[in-house]
Amino acid sequence: MMVMRSATCFIFTLFVVKIVCTDLCLDNDIHALILARGGSKGIKLKNLAQVGGYSLLARTIKTIKSSSCFQHVWVSTDDKNIAIEAQTFGAMVHHRPHKFARDDTPSIDAIAEFLNSHKTIQDFALFQCTSVFLKSNYIQEAVQKFKSHDCVFAAKRSHYLRWKMVDGFLVPAEFNLNSRPRRQDWKGDIVETGMFYFSRRRLVDVGLLQNNRCSIVEIDANDGLEIDSSHDLSMAKYILSSRTKIDL
C-alpha cells in the first residue's frame, strides 16, 4: 500500500506541474504564424508533403497546439488546398495576396502584410513547417524567454572552422592558424536553424525581425534539419522512422 500511495502522489504532482506550466505558457497574447505558400519550387506543394503520416503543415500545427502556448494559430497562404489542410487541423487561415507569395517575396514582407491585415496583433511567433523536428518544449522555452527579450529564435551550435575570400586570398574567418581551436575549447558558433522566430510588430514596422535584444533557444543539432529538397524530405522520413523504432 505504501508503494501505491507514493505512486499516486507522484502522478498527482506531475499533473499539478503540467497545469502550472500550461497556465504560465498561455499567459500571453502571442499569435502563432505559419507562412505556407503553394508555389514552392524544390518540392511541389512542399508544405503538404507527407512525413510520418501527416503533412509538414499538419505536423507543425499539431506541435504548436501541443505546446499549449497559443490561443491563436494562423496559416498565411495563397493556396486553396493548404488552406483546407490548415483548417482541418484547427488553424485559422489568412488569405495572402499573390504578390506577397512569389518566389522572390521576403518573409518580412509577407509578415508585414499579415500584420497590416490584423491591426491588433502586436507579438507573433513565426514557424516554418519545413522544420520537421519542431518540439513543444522548444516552443515553451521560447515563450518564457520572449517575456524579457524583443525577439527569440531557434539556433544550434556549429564547430566548423570557417574560411572566407579577401582580395582573392583564402583566409581564416575568426580563428588563428597558429592556434587552431579544438572542439572542446570553444562553445562553437551560434547558427540560426529557421525553426521559429518570436518577434514584435514594432520591429517589423522598421523592416526588422530581430535586433540586438534577442535570445535563443538552443536546439539539439539532430533536430535542425530543414527540408528544402527531395533529399532532405527522404532524410526526414528515414530519421523519423528510425526514432520511432527506437521508441518502440
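This briefing walks through a mixed sheet, two helices that lie across it, a hairpin and one buried arginine. The model is a predicted one. At its centre of interest is an open sheet of 7 strands with mixed pairing, and helix H5 lies across E1, E6, E7, E10 and E11. Arg 200, in strand E10, makes a polar contact through its side chain with the side chain of Asp 123.

**The sheet**

- The strand order is E5-E4-E1-E6-E10-E7-E11.
- Strand E5 (92-95) and strand E11 (214-218) are the edge strands; each has a single partner strand, so one side of each lacks a neighbour in the sheet.
- On average, and ignoring direction, neighbouring strands of this sheet are turned by 35 degrees against each other.
- Strands E1 (residues 30-35) and E4 (residues 72-77) run parallel and are joined by 5 bridges.
- For a handy landmark on that pair, look at Ala 32, which stands opposite Val 73 in E4.
- As a general reminder, strands of a sheet pair through backbone hydrogen bonds, either parallel or antiparallel.

**Helices across the sheet**

- Helix H2 (residues 56-66) lies across E1, E4 and strand E6 (123-127), and runs at about 170 degrees to E1.
- Helix H5 runs at about 65 degrees to E10.
- Within H5 (residues 136-146), the buried residues include Tyr 138, Ile 139, Ala 142, Val 143 and Phe 146.
- These residues lie on the same side of H5, because they cover an arc of only 135 degrees around the axis.
- The background is helix geometry: an α-helix has 3.6 residues a turn, so residues three or four places apart point the same way.

**Arg 200 and its surroundings**

- Arg 200 belongs to strand E10 (residues 189-200).
- Its relative accessibility is 13%, so Arg 200 counts as buried, the cut-off being under 20%.
- The polar contact between the side chains of Arg 200 and Asp 123 comes in at 3.1 Å.
- Beyond its neighbours within four places in sequence, Arg 200 is in contact with Gln 122, Asp 123, Phe 124, Phe 146, His 149 and Asp 150.
- One of these, Phe 146, is also among the buried residues of H5.

**The E8-E9 hairpin**

- Strands E8 (residues 163-166) and E9 (residues 169-172) pair in the antiparallel sense, over 4 bridges.
- Lys 164 has Val 171 in E9 as its bridge partner.
- The hairpin has 2 residues between its strands, and Asp 167 there takes a positive phi near 55 degrees.

Methods:
Residues are numbered from 1 along each chain as its sequence is written. This is a predicted model: local features need pLDDT of at least 70, side-chain atom pairs count only at pLDDT 80 or more; totals for chains, interfaces and linings use all residues. Side-chain values use heavy atoms; hydrogens and water are left out. Buried means under 20% relative accessible area, exposed over 50%, partly exposed in between (1.4 Å probe, protein chains only). A polar contact is a pair of N or O atoms within 3.5 Å; within protein, one must be able to donate a hydrogen and the other to accept it, and residues adjacent in sequence count only if both atoms are side-chain atoms. Contact means heavy atoms within 4.5 Å. The arc is that of the directions from the helix axis to the C-beta atoms. Two strands pair if DSSP finds at least two bridges between them. Axes are lines fitted to C-alpha atoms, for helices over the stretch in contact, and angles run from 0 to 180 degrees between N-to-C directions.
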